[in-house]
Amino acid sequence: MTAKMVVEGITKRFGDVSALGPCSVQVQPNEFLCVIGPSGCGKTTLLRVLAGLVPPDEGRVWVDGEEVRGPRPEVAMVFQHFGLFPWKTVWDNVAYGLRVQGRPKAEIQERVPKFIELMGLRGFEHKYPYQLSGGMQQRVGIARALAVDPEVLLMDEPFGALDAQTREFMQEELLRVWRTQRKTVVFVTHSIDEAILLGDRIVVLSSRPGRVREVLSVDIPRPRSGDRVRGLPRFHELRHRLWELLRAEAEVVR
Amino acid sequence: MRVAAAAPAQRRVPPRPRMTPAAIRWLSVAVGLGAWEAYGRLLASPIFTYPSAIARAAVALVQTGELQFYLQASLVVLSLGLLLAVAAGIPLGVAVARWPLLEHATDPYINALYATPTVALIPIIVLWLGFQTQAKVALVFLFCVFPILINTYQGVRSVDRRLLEVARAFCSTEWATWRDVILPSALPFILAGIRLAIGRGLVGMVVAEFYTSITGLGYMIVQYANTFRTDRLFVPIVVLMGMGVGLTGLLKRLERRIAPWMHVLREE
């Protein structure tokens with residue numbers, strides 16, 4: 001199987017600080033790949049390099065065998081800060097990507113309601129982001145990313161700003177949506193539980209500069225739900241293993 | 001109110017006023033006007049006046065059509081000057097924010113002109129442009145353009161970098177980013193600039209009319225001051241006050257309607 005996304009030896013420095021790498025990862029088609037690591041290890045930088053938002057200092061990234069040299073329409077991003085436009089309604093925010101990519105009007109009229117429905121936003125089309133809760137805002141963010149029908153979805157701690165309950169609910173929602181919209185997902189998180197619940201594989205990054213410390217396969221059958229997964233012995237084994245890895249990394253920093 | 005709520009244990013909490021804030025305001029105005037009226041009637045000085053005399057003078061000036069005539073002249077000057085300031089200030093502010101070369105090249109001029117008291121320029125404007133509408137429009141323009149230009153520049157500059165990155169991630173072209181992100185984000189700043197400009201523009205208009213041609217509300221004021229008609233003198237002043245309050249109030253409401261999210265952020 002050819003990989004959807006290939007990351008080869010990328011590094012990134014900010015001034016004197018080496019933030020990332022060298023880091024190499026392969027993402028399989030339709031895979032849900034979680035990236036976890038101690039804080040400040042360059043998870044977000046890695047994702048921004050994958051998105052083509054910042055060029056790596058060394059190394060290269062390919063999507064479908066094509067080198068990434070800038071943002072690409074088949075790669076969509078969901079941000080921790082939601083990144084909604086406060087002057088646009090929910091409808092216009094969801095339509096944003098389609099409009100900016102110059103899709104035909106008929107397609108926009110067809111796709112926007114579909115993803116508003118899918119993300120449970122019906123009835124909120126004409127609300128502005130500031131009128132919505134954090135969880136609802138991120139639903140808009142996800143709907144906006146899915147609406148452009150991307151092949152790869154990059155998610156940068158999308159639930160990091162949400163409270164624990166909303167977060168769990170959104171995780172299950174994301175799994176439900178991912179079942180119908182099979183995408184290749186790279187999901188950055190700092191939550192071990194979240195990574196196990198969502199991921200097919202988990203990439204553990206080392207402390208700064210982030211390198212791939214280990215890649216774990218999450219052999220828990222789908223469909224998964226938070227309740228059920230947390231009751232499985234395998235969940236606790238994985239959790240323990242991830243804890244050890246992350247603690248070892250945290251100690252390196254100290 | 002907050003102080004009272006924060007100290008519930010204290011016995012002597014100051015009593016909450018029983019009237020609504022609006023009622024207090026109206027009452028305060030009524031008391032002020034009443035006191036002025038009483039004092040003015042008592043004093044009965046030819047160079048002092050009081051509200052009822054001003055009201056009578058206003059009726060007379062409206063009946064002869066004098067007030068309308070001068071008001072119209074003033075409004076033409078104000079709106080032309082403001083319109084030109086908006087038409088020049090916004091594009092210039094955008095351009096200066098967009099191109100660093102232009103920013104650095106124009107910065108000394110903008111700063112120097114903005115810092116110069118604009119009234120100091122009146123004689124030179126009169127010398128160059130004469131005493132007619134042209135000169136007055138130019139003065140109002142000079143009074144108005146800087147707040148608009150500077151606010152536009154600030155608005156463009158203060159756009160959320162994260163939203164710019166969102167636009168980039170969705171492969172937005174630069175032109176589309178200006179349309180979808182930068183200008184909408186700058187709009188509340190631009191409106192606030194126009195609001196400030198109206199206040200300054202009114203000053204510019206009156207001062208220009210003091211010094212230049214023989215029309216407008218400013219001319220009315222000078223004319224009646226010279227002839228000691230204080231009751232008539234106050235009529236254009238009251239009209240100017242009304243214009244200032246009305247126009248800035250209108251802009252504030254417009255800001256709130258166009259950028260409701262700014263309003264919410266401020267309240268938080």
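What follows walks through a sheet in chain A, a residue in a nearby loop of the sequence, and the contact between chains A and B, all in a predicted model.

Starting with the sheet, chain A has four strands arranged in the order S2-S1-S4-S5, and the sheet is open, with antiparallel pairing. Strand S2 (17-27) and strand S5 (66-67) sit at the edges with a single partner strand each, so one side of each has no neighbour in the sheet. S2(A) is held against strand S1 (residues 5-14) of chain A by seven bridges, the two running antiparallel. Along that pair, Lys12(A) faces Leu20(A) of S2(A). Helix H1(A) lies across S1, S2 and S4 of chain A, and runs at about 120° to S1(A).

Between helix H1 (43-50) and strand S4 (58-63) of chain A comes a loop, and Ala51(A) is part of that loop. Ala51(A) counts as buried because it has 23 C-beta neighbours inside 10 Å. Leaving aside residues up to four places away in sequence, Ala51(A) touches Pro71(A), Val75(A), Met77(A) and Leu154(A), plus Ala169(B) from the other chain. Glu110(A), 59 residues away in sequence, is 27 Å from Ala51(A), C-alpha to C-alpha.

As for the contact between the chains, 17 residues come from chain A and 17 residues from chain B. On the chain B side, helix H8 (161-169), helix H9 (174-211) and helix H12 (260-267) each supply at least two residues. H8(B) gives the most to this side, with six residues. Sorted by class, the side of chain B that touches chain A holds 12 nonpolar, one polar and four charged residues.

Note on methods:
Residues numbered from 1 in each chain as written. Chains lettered and ligands numbered in written order. Predicted model: local features only at pLDDT ≥ 70, side-chain atom pairs only at ≥ 80, totals over all residues. Contact = placed C-beta atoms within 7 Å. Nonpolar A, V, L, I, M, F, W, Y, C, P; charged D, E, K, R; others polar. Buried ≥ 20, exposed ≤ 12 C-beta atoms within 10 Å, placed from the backbone. Pairing = 2+ DSSP bridges. Axes fitted to C-alpha atoms, helices over the stretch in contact; angles between N-to-C directions.
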